[in-house]
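Biologist: I want to go through this model and press you on your terms. For each label, tell me what earns it.

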Amino acid sequence: MATQLANAGVQQGSRPVWGALVFLALAQFMVVLDGTIVNLALPRLQTEMGISDSTRSWVVTAYALVFGAFLLLGGRIADFWGRKRTFIVAAAGFALASLIGGIAQQPWELISARALQGVFAALLAPAALALLTVAFPGGKDRGTAFAIFGSITGVGAAAGVLLGGFLTEHVTWRWCFFVNVPIAAIALVGVWSLVSESKAQGSTKYDWPGVVLAALGLGSLVYGFTNAEHGWDAPEAWGFILAGVVLMVLFVVVERKVKHPLLPLRVATERNRGAAFLASFLSGAVLIGGVLFINFYIQIVLGFAPFLAGLASLPMTVAVLITAALVAKNLPKLGAKIPTALGPVFMASAMLWLTQVGADGSYVVNMLPALLLMGAGLGMVFVPMQNLALFGVDKDDSGVASALVNASQQIGGSLGIAFFSTVAAAATAGGVSLAALSTGYAAVFLWAAGVAILIAPIALLLINIDRKKFSGTEGDAPVHLG
């Protein structure tokens with residue numbers, strides 16, 4: 001055990017290992033928090049900075065897109081350059097980018113700062129997950145650690161809404177950026193104190209053609225879906241979508257040919273891990289994209305002030321916490337298939353409930369039941385998803401697997417925002433009344449329900465891992481990075 005911990009790059013002894021988990025989870029919390037913390041600030045931010053409706057979504061999308069596009073590279077840099085070193089630099093860079101966003105005076109400055117946050121998040125997230133993976137190589141401790149880390153995804157996203165509402169109403173929306181500075185500093189100091197350096201051995205060559213193709217391909221897809229808000233027949237919509245598809249096909253071809261691929265295809269094509277990555281992609285679209293429009297409805301149609309709107313979203317956070325804890329406790333008995341298949345049913349039910357929203361809607365009737373269902377569904381999916389994504393992965397591929405589970409969620413989120421914005425614009429048909437906006441939001445929720453329910457058959461058809469092996473009670477070999 002002592003040897004394993006030493007190889008993991010975390011100081012020996014149970015307290016330092018669990019203490020490191022606190023700071024690694026804090027970093028993950030910050031990264032996820034920033035995906036949603038500006039959501040409730042968007043209406044006021046848009047007015048103060050004079051941002052157009054078509055540009056507004058890029059305040060959220062710029063972060064998610066850059067984050068997802070460069071996560072695979074971030075995973076490789078962490079493995080090759082050193083996981084602790086990467087974590088320290090990324091945390092400091094994330095704090096600096098947040099500071100720039102907080103003092104931005106022009107829309108382009110704000111969107112650029114969000115993109116810069118995405119760059120450093122792409123380094124920070126895989127480094128944190130890599131350190132966690134090697135610190136808890138197997139057994140019940142690993143399951144507990146991953147349950148905590150996995151639940152942070154849902155909690156961070158929901159907490160971002162609450163904190164964003166409070167800061168926007170009682171301080172200023174700029175503190176939605178400034179708040180990252182102390183969080184990053186605490187995580188940086190904690191990891192600096194408790195974690196020792198570790199990195200992969202052997203070849204450290206980067207797949208730069210893969211990096212370029214992945215970034216351009218994903219960027220083209222998101223940009224195309226965003227432009228579809230103005231009509232699917234526009235060349236800047238279907239042209240960029242088509243270019244994105246072609247570039248991603250070329251990316252797969254390159255990854256099959258190069259000696260040191262950015263994404264070894266064996267990582268994504270193993271059926272259980274493939275199920276986790278697909279679930280991550282689809283749940284990201286629903287969580288990041290769908291929940292954005294929940295916030296719009298609460299603030300714009302129901303007229304809730306930002307902080308009250310954040311409080312209104314709190315039931316979802318509570319539901320995530322309770323459900324994730326229950327799933328984590330019973331995961332060895334349940335296995336991964338049951339919660340991963342059942343969670344999407346709850347998520348889709350929540351979104352279908354929301355299709356009944358209207359201009360004269362009620363929070364208690366239209367929103368509260370859906371938020372509770374949504375939180376329960378997310379809690380069921382996130383815990384097994386994190387475990388599946390890294391279970392049984394080859395030691396040389398653990399870093400990229402860590403990055404891919406985050407990348408798939410962020411790319412799903414950025415595409416979800418772009419696509420759902422297009423759906424809302426088409427359904428609204430240029431109307432600006434509360435009734436027209438409600439019609440657009442209802443259309444978004446219907447599509448989000450369809451996206452969410454797709455996770456269920458994926459889980460049922462692809463997940464076939466034995467419960468005993470999954471729980472670590474039957475020959476679960478330690479997993480190391482690099």
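**Labels and cut-offs**

Biologist: Why does arginine 273 count as having no salt bridge?
Modeller: Arginine 273 is buried, and the nearest side chain of opposite charge, glutamate 270, is 4.1 Å away. A salt bridge needs a side-chain nitrogen of Lys or Arg within 4 Å of a carboxyl oxygen of Asp or Glu. So 4.1 Å misses the cut-off. On charge, Lys and Arg are positive, Asp and Glu negative; His and the chain ends are not counted.

Biologist: What stands behind these values?
Modeller: This is a predicted model: local features need pLDDT of at least 70, side-chain atom pairs count only at pLDDT 80 or more, and totals for chains, interfaces and linings use all residues. Residues are numbered from 1 along each chain as its sequence is written, and side-chain values use heavy atoms, with hydrogens and water left out.

Biologist: What polar partner does the side chain of arginine 273 have?
Modeller: The backbone oxygen of arginine 266, 3.3 Å from a polar atom of that side chain. A polar contact is a pair of N or O atoms within 3.5 Å; within protein, one must be able to donate a hydrogen and the other to accept it, and residues adjacent in sequence count only if both atoms are side-chain atoms. The pair therefore fits the distance limit.

Biologist: Which residues does arginine 273 touch beyond four places in sequence?
Modeller: Among them are Val267, Leu388, Phe391 and Val393. Contact means heavy atoms within 4.5 Å. Arginine 273 itself sits in helix α14, residues 271-301.

Biologist: How many helices and strands are there?
Modeller: The chain has 22 helices and zero strands. Both are DSSP runs, numbered from the N terminus: helices are H or I, at least four residues; strands are E, at least two.

Biologist: How many salt bridges does the rule give?
Modeller: Two. Arginine 114 pairs with aspartate 34, with closest N and O atoms 3.1 Å apart. That pair links distant parts of the chain: arginine 114 is in helix α7 (residues 107-135), aspartate 34 in helix α2 (residues 14-36), 80 residues apart. Aspartate 79 and arginine 83 also meet in a salt bridge, N to O 3.1 Å. The value of 3.1 Å is within the limit, so the label holds.

Biologist: Are those partners buried or exposed?
Modeller: Arginine 114 and aspartate 34 are both buried. Aspartate 79 and arginine 83 are buried too.

Biologist: Why is glycine 375 called buried?
Modeller: Glycine 375 has 0% relative accessibility. Buried means under 20% relative accessible area, exposed over 50%, partly exposed in between (1.4 Å probe, protein chains only). So glycine 375 counts as buried. This residue of helix α18 (residues 363-390) touches Met316, Ala319, Val320 and Thr323, leaving aside residues up to four places away.

Biologist: What makes serine 313 buried, when its place is in a loop?
Modeller: The label rests on area: serine 313 has 4% relative accessibility, so it counts as buried. The loop lies between α15 (306-312) and α16 (314-334). Serine 313 contacts Val161, Asn295, Ile298 and Leu371, neighbours within four places aside.

Biologist: And why does leucine 265 get a label of its own?
Modeller: At 24%, leucine 265 falls in the in-between range, so it counts as partly exposed. Leucine 265 lies in helix α13, residues 265-269.

Biologist: How do you know that isoleucine 103 is exposed?
Modeller: Its relative accessible area is 52%, so isoleucine 103 passes the exposed cut-off. Isoleucine 103 is in the loop between α6 and α7.

Biologist: What makes the nonpolar surface patch?
Modeller: Leu96, Leu99, Ile100, Ile103, Leu116, Val119 and Val181, covering about 520 Å². The elements giving two or more residues are α6 (83-102) and α7. Patches use residues with over 30% relative accessible area and no salt bridge: like charges are joined within 9 Å, nonpolar side chains (Val, Leu, Ile, Met, Phe, Trp, Tyr) within 5 Å. At 52%, isoleucine 103 therefore clears the area cut-off.

Biologist: How much of the chain is buried?
Modeller: Buried residues make up 61% of the 482 residues.

Notes
Accessible areas come from the Shrake-Rupley method with a 1.4 Å probe; for residues, only the protein chains shown count as cover.
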